[in-house]
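This report looks at a protein chain with its ligand, going from the domains to the binding site and then to some details of the backbone.

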Amino acid sequence: MFKKILIANRGEIALRIIRACKEMSIKSVAVYSEADKTSPHTKYADEAYYIGESPSSESYLNQNKIIALAKQVGADAIHPGYGFFSENAAFIKEVELSGITFIGPSSSSVMMMGSKTAARQLMQKNNVSIVPGTTSPVSSVEEGLVIADKIGYPVLLKAAAGGGGKGMKLISSRNEFVSSFESAKREALKFFADDSVYIEKYIEDPRHIEVQIFGDKHGNYVHIFERECSIQRRHQKIIEEAPSSFVNDKTREKITRAAINAAKACGYYNAGTIEFLMDRNSDFYFLEMNTRLQVEHPVTEMISGLDLVKEQINVAAGNKLSFNQDDLKINGHSFEARIYAEDPENSFLPSTGKLLEFQIPSGPGIRVDAGFSRGSLISLYYDPLIAKLTAWGKNRDEALERLKRALDEFQIAGVTTNISLLKEICNNENFRKGKFDINFIGKEFAGGSQGSNTTSDEIEIAAVIITSLLKSRSTASEVKNIISDNNNWGRLRYE
Ligand code: MV4
């Protein structure tokens, strides 16, 4: 087993990993930026090292510094958490070459799944159903038109090197094709340095259902059931649950089998998630694979009784999975509510400031993963997630009652949070009945607390920068850092 693990992350997920290390008697090494000098993850690790200024590009995304530090301190493994380097094949390759173990999949699995068209080809070959459309990039606007006509409108253009909804373009009719094609290519180039785009049939009002899988380095695979992640706003998940109230035993059997086939197809090991869209008829289509531990993994832990981070460490060390499929059974129901520092009444603009009050809920069935404590500063440098509140109950109703009760117990002052919106969702009749799809927030919370849909990301980001300027009287160079860091900020928000 490893003796020392370097955690290349911050916030709640760094703490989560440190906790697993402690339980396994493995030394933990934290890295921290200027803004995180006094953050909990910096304090709780056995060792902590300063790695640079607050912008992620100068600290948490400094590949050479992090790998050199891991060698220097004698770490035998690196855990990337989520975001940052977790799905960066070039980083993983460097770690592999350095002789340090990456706690996650191989660089080649990550590379394969990073190309959305290559992933679609691989799935098709392995009998995992994909959304109808192309499995290679479209070579010209003329070719694209022929294909879109054949599929039938509406269609979606997606970036081959993309993911997470960035750079997606909906085309409702033939006469929009040419201009949308050109703008999709421009955006793909801008966001992913690759202008390849492909076409998919647009699935209307689906649910987003994902399957947790796990593989070891000996070719053993299990699934740990599904998560329902349809409650999101602009690709930022808000509430997740496990299991999905929409998935019956027969559908679960099918979708989990497809997920295991997907993992096997790319020789996957460690924790991974296969995302699907599911339509009203419970037909499902592979969307993409997330080659990392996900933010919402606690709901899976709550219903399975497993510790996914300890299992990640176990299989990374070369051990066999510590359980097999027959050992797993769904126990009860779980919800996760993400507490964000943002203002639902003001276009969801990120809110910054000092946590003057930070009282977290507890009691039966409640778990809180937070990377902050009272006095912590919430800045614009990193993603706006303050805490994850997870509730467990013997059934969906009990879990939901506990979630609501715990949301009432939360006391946060100093920054604005989305807790009021979370409570509204919990009290929404359709949500309570499990009647929702990926458009739930847009439909039920239009106007009022819902931010304008016409606001482009650029305008939203500009507004954030101006707001922070006015509040903090930042120097020109600080503002420059905030702006240049917004690429990363945007990506994290899509986690
Ligand atoms: C789609 C879709 C409908 N049809 N693909 C958004 C994120 C990215 N992973 C894929 N996304 C979608 N792809 C087809 N062919 C609708 C979405 C989508 C979505 C998917 C999951 C969760 C929330 C979503 C919100 C808007 C759009």
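How much area is buried between domain 2 and domain 3, and what percentage of it do carbon and sulfur atoms give?

## Domains and their interface

The area buried between domain 2 and domain 3 is about 340 Å², and carbon and sulfur atoms give 53% of this area. The model is a predicted one, and its protein chain is divided into domain 1 (4–86), domain 2 (132–201), domain 3 (207–444) and domain 4 (456–485).

Between domain 2 and domain 3, the contacts involve seven residues of domain 2 and four residues of domain 3, while the C-alpha centres of these two domains are 30 Å apart.

## The ligand and its shell

The ligand lies between domain 2 (132–201) and domain 3 (207–444), because both domains give residues to the shell around it. At least two residues of this shell come from each of strand S6 (155–159), strand S8 (197–201), strand S12 (270–278) and strand S13 (284–290). By class, the shell is made up of eight nonpolar, five polar and five charged residues, and among the 18 residues around the ligand, those that come nearest are Lys158, Glu200, Lys201, Ile203 and His208.

Three of the residues named above place polar atoms by nitrogen atoms of the ligand. For Lys158, a polar side-chain atom lies 2.9 Å from a ligand nitrogen atom, and for Glu200, an N or O atom of the side chain is 2.8 Å from a nitrogen atom of the ligand. Lys201, by contrast, uses its backbone, with an N or O atom there lying 2.7 Å from a nitrogen atom of the ligand. Of the 520 Å² of accessible area that the ligand has on its own, the protein covers 91%.

## Backbone details

Two cis peptide bonds can be described together with the loops that hold their prolines. The bond that joins Tyr153 and Pro154 is cis, with omega about 0 degrees, and Pro154 has its place in the loop between helix H7 (141–151) and S6, a strand that also supplies at least two residues of the shell around the ligand. The bond that joins Ala242 and Pro243 is likewise cis, with omega about -10 degrees, and Pro243 is found in the loop between strand S11 (236–242) and helix H9 (249–265).

Phe84 is not a glycine, yet its phi is positive, at about 35 degrees; this residue is found in the loop between strand S4 (77–79) and helix H4 (89–98).

Notes:
Residues are numbered from 1 along each chain as its sequence is written. This is a predicted model: local features need pLDDT of at least 70, side-chain atom pairs count only at pLDDT 80 or more; totals for chains, interfaces and linings use all residues. Side-chain values use heavy atoms; hydrogens and water are left out. A residue is near a molecule or strand if one of its heavy atoms lies within 4 Å of it. A polar contact is a pair of N or O atoms within 3.5 Å; within protein, one must be able to donate a hydrogen and the other to accept it, and residues adjacent in sequence count only if both atoms are side-chain atoms. Accessible areas come from the Shrake-Rupley method with a 1.4 Å probe; for residues, only the protein chains shown count as cover. Helices (H or I, at least four residues) and strands (E, at least two) are DSSP runs, numbered from the N terminus. Ala, Val, Leu, Ile, Met, Phe, Trp, Tyr, Cys and Pro count as nonpolar, Asp, Glu, Lys and Arg as charged, and the others, Gly among them, as polar. Domain bounds come from an automatic or database domain assignment. Contact means heavy atoms within 4.5 Å. Buried area is the accessible area (1.4 Å probe) that two parts lose on being put together, summed over both.
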